[in-house]
Amino acid sequence: MTKTISRQGERRLKGTPVCRGIAIGKPFLFSISETLTPETGVPVSDVEAEIARYRRALENSRLDIERLRKQMEHEHVSEGSAILEAHLQILEDPVITTDIEKYIETGKNAEIAFLKVISAFQQHFESMRDPFFRERFKDIQDVARRVIGHLRHTVRISLAEAPPGSIVFANELSASEAAEADPKNVSAFVTEVGGLATHAAIIAKAKGIPYIARVSFTGLTFTEETTVIVDGRTGEVIISPYADTLAIYAHVQRQLSLHVAKLEHTATALAETYDGLPICLCANVEAVEEIPLLHQYGAYGVGLLRSENVFFFKDTFPSENEQYFYYRAFVERMNGLPIVIRTFDIGGDKCFMGRIEGSDEPFFVGCRAIQFFLQEKTIFKKQLRAILRAATAGDVSVLFPMVSSLSELREAKALLQEARRELHKENIPCPEKILVGCMIEVPSAAVIADLLANECDFLSIGTNDLVHYSLAADRFHQTTSSLMALCHPSLLRLIKMVVVESNLRGIPVSVCGEIASDPRFTPLLLGLGVHRLSVACRYIPLVKNAIRCISAVESVELARQALSLSTASEVQQLLEKSYRDAVPDDCFYNF
């Protein structure tokens, strides 16, 4: 719910902060006008010409997306490049190609054929009632709007045309719209719809564009003289600020720029506390284009490769060879640094609907991750074989997600051994030994961490899902209260429990969830005994700076204090004060 706070002549709106930063500029109202499309019949003699017109629209859309993808690569926005690559795959989907052409052959004009097929597809997606799946359909809608634009020859306003200093106001932003935004011109995004898990949010963060979502535009009016301030730290949008307000934010903006420059300057320094404790700081990656940034920032390796990205937006599970080449591309670019490949994590709130290779029968993944793939052993074994084959090119470990019982872990390990034996029999090279890890993402896994640690080489705590399943917190509709959830005493105790059991058995434990990327939690995690962190590449300098500003001894005392507190609010206050004292110049988090 958006809150409005008014001073005379100054209006303040409150939404959900998505990407941190301060922006001062002029409003740029962005929307796409949707016009009604008349349904017209197409004579049999004109069907081929109508299909050709549709194919031209597809090709023009493909050229648009390819141009944007190359722009993302040029800007080193690997997350955006990967999303747009998925958009290109959507344009190859039979639903977008042959199905619509068949509809045109019945005598419908291309626009109507396209809209009817997409509408039916939308109903199918919405019937799943799944947040992750609905987000996937937004990408299809994004592509669909582009195709319709080319069919209608409509003049479309692009964010690439936004003038310098633009504060973009939009009902909602798609991935490609955010990708078109030039950070030199677009200072911030403000939307009525959206959140932390959207593809537009991912691209905004990668570009460093401040973004606030869930702001109500009701009653907003702008003139050419209107100035807007966006505070992506607090989620506040200030319309027509007073001179003193403007002066304060201009000063904060300069402080942020200086802090970013400092972070870039020290990005390659060692990740160790000032009293000499080395920390293994790794990267979470989704696209091979992120690997150069990992090297640039001096990361120890990849702590989490999300392997499921190999098949999102495809209608079949990938073959063993497809996966092998996909994983090998990552391993080769690591230049000898270690990489942890997490096996497919889909199902539940990460849905996939499609076909198994060699079958025309559709299916829907309902249960999550290891539970599903232990039922579909043929699919799972193909992935394990592909990972083992790729492991001959470098230092590779395998990580099983969403394990909730010891029997699941044992069954997955047995299948890994079976895959290795098969490869040996076929004279296909694979390593004799590969490190095996287990994700701690559900409370049951944390409670039996001692049993799991006995049979693993390492453990990895996924705090996003651990919060979701232990506190019943909605990870797809996060608000500022998500910080409070991460401070919950139960989460701290679960992390400590896992660390203690891992240490007793001499195996390392890492944290790869959202909490690891927030520098305010860095001292706490170190104090709890977590000496391995895995974060998105863009957060490596921020977390490394926090590590270098703290003492290992003081972190242990901080963790002791945090564990003694009774409420999330008390923990949050302790962590914020501690971070202000340790890193006073970080105005991204200290305000």
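Here are some questions and answers about this predicted model.

Residues are numbered from 1 along each chain as its sequence is written, and side-chain values use heavy atoms, with hydrogens and water left out. Local features need pLDDT of at least 70 and side-chain atom pairs count only at pLDDT 80 or more, while totals for chains, interfaces and linings use all residues.

Q: How many helices and strands does the chain have?
A: Helices (H or I, at least four residues) and strands (E, at least two) are DSSP runs, numbered from the N terminus. On that basis, the count for the chain is 23 helices and 19 strands.

Q: What percentage of the residues of the chain count as buried?
A: Buried means under 20% relative accessible area, exposed over 50%, and partly exposed in between (1.4 Å probe, protein chains only). The chain has 591 residues, and the buried share comes to 54%.

Q: Which residues of S10 sit on each of its faces, and are those faces covered or bare?
A: Strand S10 spans residues 280-285, and six of its six residues are buried. In a regular strand the side chains alternate between the two faces of the sheet. Both faces of S10 are covered, with Cys280, Cys282 and Asn284 on one side, and on the other Leu281, Ala283 and Val285.

Q: In S19, which residue is the bridge partner of leucine 281?
A: Two strands pair if DSSP finds at least two bridges between them. S10 pairs in the parallel sense with strand S19 (residues 532-536) over five bridges. In S19, the partner of leucine 281 is leucine 533.

Q: Which helix does the chain pass through when it crosses from S10 to S11?
A: S10 and strand S11 (residues 302-306) run parallel and are joined by three bridges, with alanine 283 opposite valine 302. The β-α-β crossover between S10 and S11 is right-handed (with the strands pointing away from the viewer, the path from the first strand over the helix to the second runs clockwise). The helix on that path, residues 291-296, is H9.

Q: Why is there no bond between the sulfur of cysteine 280 and the closest cysteine sulfur?
A: A disulfide is a pair of cysteine sulfur atoms within 2.5 Å, and the structure holds zero disulfides. Cysteine 280 is buried, at 13% relative accessible area. Its closest cysteine sulfur belongs to cysteine 282 and is too far for a bond, because the distance is 3.6 Å.

Q: In S6, which residue is the bridge partner of valine 168?
A: Strand S6 (residues 186-191) has five of its six residues buried. Strand S5 (residues 166-170) runs parallel to S6 and is joined to it by five bridges. With helix H6 (residues 175-180), S5 and S6 make a right-handed β-α-β unit. The partner of valine 168 in S6 is phenylalanine 189.

Q: In S7, which residue is the bridge partner of phenylalanine 189?
A: S6 also pairs in the parallel sense with strand S7 (residues 211-213), over two bridges. In S7, the partner of phenylalanine 189 is tyrosine 211.

Q: Which residue's side chain makes a polar contact of 2.8 Å with that of tyrosine 327?
A: Tyrosine 327 lies in helix H10 (residues 320-333) and is buried at 0% relative accessibility. Contact means heavy atoms within 4.5 Å; leaving aside neighbours within four places in sequence, tyrosine 327 is in contact with residues including Leu305, Phe344 and Ala390. A polar contact is a pair of N or O atoms within 3.5 Å; within protein, one must be able to donate a hydrogen and the other to accept it, and residues adjacent in sequence count only if both atoms are side-chain atoms. The side-chain partner of tyrosine 327 at 2.8 Å is glutamine 323.
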